[in-house]
Amino acid sequence: MRSKLVVGLILAVVAVMLIASGAMAQKLLCVSKKELKGEETVASCLAKGERFAIVDQFGIVRILTPEEVELTKAFNPKAFEMRAFGLQYEKLAPRIEPLPVPKEAQ
């Protein structure tokens with residue numbers, strides 16, 4: 001009886017961890033203005049010279065270079081229409097929506 005309870009508890013913890021990791025996904029955060037709270041768009045901040053980073057669901061941070069910003073704009077321009085959030089307000093920042101899969105690939 002006791003082993004069934006332990007197995008159930010372990011399964012519940014694993015399920016919560018999987019749900020929590022999927023909920024964060026990737027976010028685009030301003031690293032040069034940590035107090036941004038959605039007052040501007042990412043594109044307007046980039047025009048002012050602000051620097052951004054992508055934070056993934058594991059907390060790995062990648063600072064975007066100007067070349068990466070331009071390539072990302074080419075593939076996913078909607079990512080730069082989002083409201084800009086700084087590191088201080090990471091929890092409020094929206095996640096970057098994945099690109100739709102083309103019908104040919106399905």
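The following dialogue asks how the terms used for this predicted model are justified.

Visitor: How do you know which values can be used here, and how are residues numbered?

Guide: Residues are numbered from 1 along each chain as its sequence is written. The model is predicted, and local features need pLDDT of at least 70, side-chain atom pairs count only at pLDDT 80 or more, while totals for chains, interfaces and linings use all residues; side-chain values use heavy atoms, with hydrogens and water left out.

Visitor: What makes a stretch count as a helix or a strand, and how many of each does the protein have?

Guide: Helices are DSSP runs of H or I with at least four residues, and strands are runs of E with at least two, numbered from the N terminus. The protein has three helices and five strands, in the order α-β-β-α-β-β-α-β from the N terminus on.

Visitor: What makes two strands a pair, and what is the strand order in the sheet?

Guide: Two strands pair if DSSP finds at least two bridges between them. The five strands form an open sheet with mixed pairing, ordered β2-β5-β1-β3-β4. β2 (37–41) and β4 each have a single partner strand, so they stand at the edges and one side of each lacks a neighbour in the sheet. On average, neighbouring strands of this sheet are turned by 45 degrees against each other, direction ignored, with axes taken as lines fitted to C-alpha atoms.

Visitor: How do you know that β2 and β5 are paired?

Guide: Two bridges join β2 and β5, in the antiparallel sense, and at least two are required. Lys-37 has Phe-85 in β5 as its bridge partner.

Visitor: What joins β3 to β1 and to β4?

Guide: Strand β1 (residues 27–30) runs antiparallel to β3 and is joined to it by four bridges; Lys-27 stands opposite Val-55 in β3. Three bridges join β3 to strand β4 (residues 61–63), again antiparallel, and here Ala-53 stands opposite Ile-63. The hairpin of β3 and β4 has five residues between the strands, and in it Gly-59 takes a positive phi near 85 degrees.

Visitor: Why are both faces of β3 called covered?

Guide: Buried means under 20% relative accessible area, exposed over 50%, and partly exposed in between, with a 1.4 Å probe and protein chains only. In a regular strand the side chains alternate between the two faces of the sheet. In β3 (residues 52–55), Phe-52 and Ile-54 on one side and Ala-53 and Val-55 on the other are all buried. Of the 106 residues of the protein, 29% count as buried.

Visitor: Why is Asn-76 called buried or exposed, and what does Asn-76 touch?

Guide: Asn-76 has 14% relative accessibility, so it counts as buried. This residue lies in the loop between α3 (66–75) and β5. Contact means heavy atoms within 4.5 Å; leaving out residues up to four places away in sequence, Asn-76 touches Ile-96, Glu-97 and Leu-99.

Visitor: Which class does Leu-99 fall into, and why?

Guide: Leu-99 is at 47% relative accessibility and therefore counts as partly exposed. Leu-99 lies in the segment after β5 (83–86) and, with the same exclusion of residues up to four places away, touches Phe-75 and Asn-76.

Visitor: What makes Lys-73 lie over the face of Phe-80?

Guide: A charge sits over a ring if NZ of Lys or CZ of Arg is within 6 Å of the ring centre and within 35 degrees of the ring normal. Lys-73 lies over the face of Phe-80 at 5.8 Å from the ring centre.

Terms used: Axes are lines fitted to C-alpha atoms, for helices over the stretch in contact, and angles run from 0 to 180 degrees between N-to-C directions.
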